[in-house]
Amino acid sequence: MPVATLLPFTATPNRKSAGPTSFRLTEKFILLLVFSAFITLCFGAIFFLPDSSKLLSGVFFHSPAVETNTRTGPDSGDSGSAGNDERVLAKIRKDHEKALLEAKDTLQKRPEELNQEIMNDKAKVAKDSMDQDGKDANNLPVVQYQRPPGATGHEPLDPETRDRRTKIKEMMKHAWDSYRRYAWGSNELRPVSKQGHSSNLFGSIKGATIVDALDTLYIMEMFEEFDAATDWVDKNLDFKVNAEVSVFEVNIRFVGGLLSAYYLSGKEVFRRKAVELGEKLLPAFKTPTGIPWALLNLKSGIGRNWPWASGGSSILAEYGTLHLEFMHLSKLSGNPEFAQKVMNIRKVLNRLDKPQGLYPNYLNPNSGQWGQHHVSVGGLGDSFYEYLLKAWLMSDKSDEEGKKMYYDALQAIETNLMRKSSSGLTYIAEWKGGLLEHKMGHLTCFAGGMIALGADGAPSDKTGHQMELAAEIARTCHESYSRTALKLGPEAFRFDGGVEAIATRQNEKYFILRPEVIETYMYMWRFTHDPKYREWGWEAVQALEQHCKVEGGYSGIRDVYASTPNHDDVQQSFYLAETLKYLYLLFSDDDHLPFDHWVFNTEAHPLHLPNVDLLGTEPTEPRALV
Ligand code: DMJ
């Protein structure tokens with residue numbers, strides 16, 4: 001029978017002209033039934049015949065089960081095929097159970113443990129692929145990353161503290177989401193006009209807010225946001241720009257931000273980018289003394305100083321605030337040059353006479369001589385002192401030079417710059433060629449926290465006194481907030497002309513979301529557990545919510561004495577890096593970023609202390625790298 005006659009659908013559809021190859025509908029139906037029965041029978045034979053699965057697998061797949069059977073050797077060879085099947089089944093069952101147990105085990109592990117295992121596997125792969133010098137594909141030494149303790153915290157037990165901490169996380173979310181929505185990739189956000197904002201401090205490097213916020217996102221466990229930021233850094237953060245940048249700002253925000261993101265997460269992209277940027281900054285040190293320029297063109301490597309700085313000087317708070325990051329860069333890159341550069345700054349400073357033991361804000365990088373004898377613990381001077389102390393802490397207290405420089409400088413500051421107002425407020429004035437200007441900057445308020453942090457390392461008869469000084473500075477700075485209409489502090493406040501802790505000049509009345517006062521509350525809380533510091537921090541939170549929060553983020557204010565806020569339309573990147581981080585830590589337990597494992601750079605980026613053997617170095621090796 002021709003095939004065509006078996007297949008009803010090949011027949012012509014014209015019923016009237018039905019020929020030998022055409023069928024009626026009922027015939028077609030019967031044929032279809034017969035055909036389907038035939039097909040079913042064929043498949044049934046394949047599936048239901050004994051051991052048909054093996055037949056199938058033998059035909060279609062190269063079955064390992066069949067292979068195993070044929071390789072089991074004399075033991076199985078004699079037992080016949082039924083015995084073989086039993087053993088194969090038993091083995092499959094055993095493998096299955098083992099896989100189940102392993103899966104269960106994996107599911108029971110905490111995310112940190114799992115991450116750690118993944119990291120270890122990655123490090124092992126990296127190690128296996130390293131070249132003979134022990135370098136990875138990026139020419140960096142292979143390190144076995146271990147997350148230091150306290151990278152994330154836990155909910156405080158006290159319900160009020162817990163709620164306040166949650167509130168601060170919500171603030172971070174609002175600041176971040178707004179930046180992401182309106183200014184993604186720009187350096188900062190204009191929260192009122194809802195667009196990007198770029199300060200010339202970073203040249204054409206982009207994403208300052210992203211890099212500055214990375215660690216805050218991490219410690220607040222905002223991991224979806226952290227991953228988006230990481231992805232942006234990986235794909236878009238570019239330092240190959242023909243632009244002039246502030247060496248100090250790029251160092252504290254970008255290098256510092258990348259380093260802490262690395263220490264918190266272990267992601268190699270951050271280490272790689274930090275070292276890449278550090279290398280770009282090295283030409284800034286090409287001066288006769290090695291004191292770096294303030295400004296550097298990242299492409300040409302040509303540096304210069306701020307045109308307004310006394311006689312072409314470099315600024316103490318700028319060249320003196322590279323130490324922590326550069327020591328870490330040497331450690332993470334294996335390149336001692338970074339450390340050598342900053343240790344040389346120390347050498348230059350130690351050769352110079354210091355008026356009254358004080359460090360002037362200006363130093364000429366060509367002559368190696370001081371510029372104007374202006375001294376400040378606020379703008380132009382501040383973080384130099386902070387880094388002396390923290391360099392000592394960071395070196396596992398082996399950097400005796402840094403220690404001596406810090407405590408000697410603090411003594412000179414106390415003698416020459418610290419004063420008490422007639423109502424008993426302690427403040428730190430500014431010193432101009434021996435004359436005091438009775439003004440204290442918002443920036444200077446960080447000193448409360450710094451002095452508290454260093455009090456423990458002072459000679460034992462001075463520890464209590466230094467804690468008192470720190471507490472007094474915290475109180476004065478709190479007063480500078482309380483005495484305004486909006487309960488946020490001015491840029492600078494004075495103790496002259498009959499006023500105390502109040503700004504008298506119009507150009508000193510602004511508040512740009514700065515962190516220093518809250519930073520000091522956080523340190524004071526950690527060291528004293530006096531509840532007033534949390535209360536003062538909470539007052540600041542309420543004022544920020546009331547006066548700085550706008551639909552598109554958080555904005556600075558032009559005059560904190562005005563009854564209604566006039567917004568400056570800038571959400572500074574340090575608001576996310578510092579202000580919100582310090583607030584969050586103020587309402588967290590002390591084991592979240594504990595001080596015995598972490599030290600904060602001046603932009604509040606936590607760097608791990610090397611007394612924890614994080615990178616596989618021997619704890620006995622010299623701490624100072626040079
Ligand atoms: C930050 O960038 C750093 O804290 C720096 O040391 C000084 N000022 C700002 C925040 O006010």
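For this tour, Ala, Val, Leu, Ile, Met, Phe, Trp, Tyr, Cys and Pro count as nonpolar, Asp, Glu, Lys and Arg as charged, and the others, Gly among them, as polar. Please keep in mind along the way that this is a predicted model.

**Stop 1: the ligand and its shell**

Start by selecting the ligand, then show the residues around it: Ile252, Arg253, Leu443, Arg514, Pro515, Glu516, Phe574, Glu578, Thr602 and Glu603. Colour them by class, and the shell divides into four nonpolar residues, one polar and five charged.

Which helices each supply at least two residues of this shell? Highlight helix H11 (247-265) and helix H22 (573-586), and you have them.

Now show side chains and look for oxygen atoms on the ligand. Arg514 places a side-chain N or O atom 2.7 Å from a ligand oxygen. Move on to Glu578, where a polar side-chain atom and an oxygen atom of the ligand are 3.0 Å apart. At Glu603, the distance between a polar side-chain atom and a ligand oxygen is 2.5 Å. If you switch on a surface here, you can see how the ligand is wrapped: the protein covers 92% of the 290 Å² of accessible area that the ligand has on its own.

**Stop 2: one residue past the shell**

Step along the chain from Glu603, a member of the shell, to Ala604. This residue sits in the loop between strand S17 (598-600) and strand S18 (606-608). Its phi is positive, about 65°, although Ala604 is not a glycine. Is Ala604 buried or exposed? With a relative accessibility of 0%, Ala604 counts as buried, because the cut-off for that is under 20%.

**Stop 3: helix H20**

Go back to Glu516 in the shell and select helix H20 (residues 516-528). Its end C-alpha atoms are 18 Å apart, in agreement with the 18 Å that 13 residues should span at 1.5 Å a residue. H20 is largely enclosed by the rest of the structure, because 11 of its 13 residues are buried. To see them, select Glu516, Val517, Ile518, Glu519, Thr520, Tyr521, Met522, Tyr523, Met524, Trp525 and Arg526.

**Stop 4: helix H16**

Next, select helix H16 (residues 382-394), which has 13 residues. From first C-alpha to last, H16 reaches 18 Å, close to the 18 Å expected at 1.5 Å a residue. How many of the residues of H16 are buried? The count is 13 of 13.

Within H16, zoom in on Lys390. At 3% relative accessibility, Lys390 counts as buried. Show its side chain together with that of Glu386, and you will find a polar contact of 2.8 Å joining the two. Then follow the chain beyond the helix to Asp396, which has a positive phi, near 60°.

**Stop 5: the sheet S8-S11-S12**

Turn on the cartoon and look for an open sheet of three strands in the order S8-S11-S12, paired antiparallel. Its edges are strand S8 (374-375) and strand S12 (435-437), each pairing on one side only. Strand S11 (residues 430-432) and S8 are joined in the antiparallel sense by two bridges. To place one of these residue pairs, label His374 and its bridge partner in S11, Lys432.

Leading into S8 is a loop that begins after strand S7 (362-363), and Asn366 is found there. Asn366 counts as partly exposed, at 45% relative accessibility. Add Thr287 to your selection: it is 79 residues from Asn366 along the chain, yet their C-alpha atoms are separated by 6.3 Å.

**Stop 6: the sheet S3-S4-S5**

Another open sheet of three strands has the order S3-S4-S5, again with antiparallel pairing. Strand S3 (244-246) and strand S5 (303-304) each have a single partner strand, so one side of each is left without a neighbour in the sheet. Three bridges link S3 with strand S4 (residues 295-297) in the antiparallel sense. Label Glu244 and its bridge partner in S4, Asn297.

**Last stop: Glu221**

Finish in the loop between helix H9 (208-219) and helix H10 (223-236), where you will find Glu221. Glu221 is a residue other than glycine with a positive phi, near 60°. Its relative accessible area is 36%, so Glu221 is partly exposed.

Methods: Residues numbered from 1 in each chain as written. Predicted model: local features only at pLDDT ≥ 70, side-chain atom pairs only at ≥ 80, totals over all residues. Heavy atoms only, no water. Near = heavy atom within 4 Å. Polar contact = N/O pair within 3.5 Å; in protein donor to acceptor, adjacent residues only side chain to side chain. Areas by Shrake-Rupley, 256 points an atom, 1.4 Å probe, with all protein chains shown as cover. Helix = DSSP H or I, 4+ residues; strand = E, 2+ residues; numbered from the N terminus. Pairing = 2+ DSSP bridges. Expected span 1.5 Å × (residues − 1). Buried < 20%, exposed > 50% of the residue type's maximum accessible area, 1.4 Å probe, protein only.
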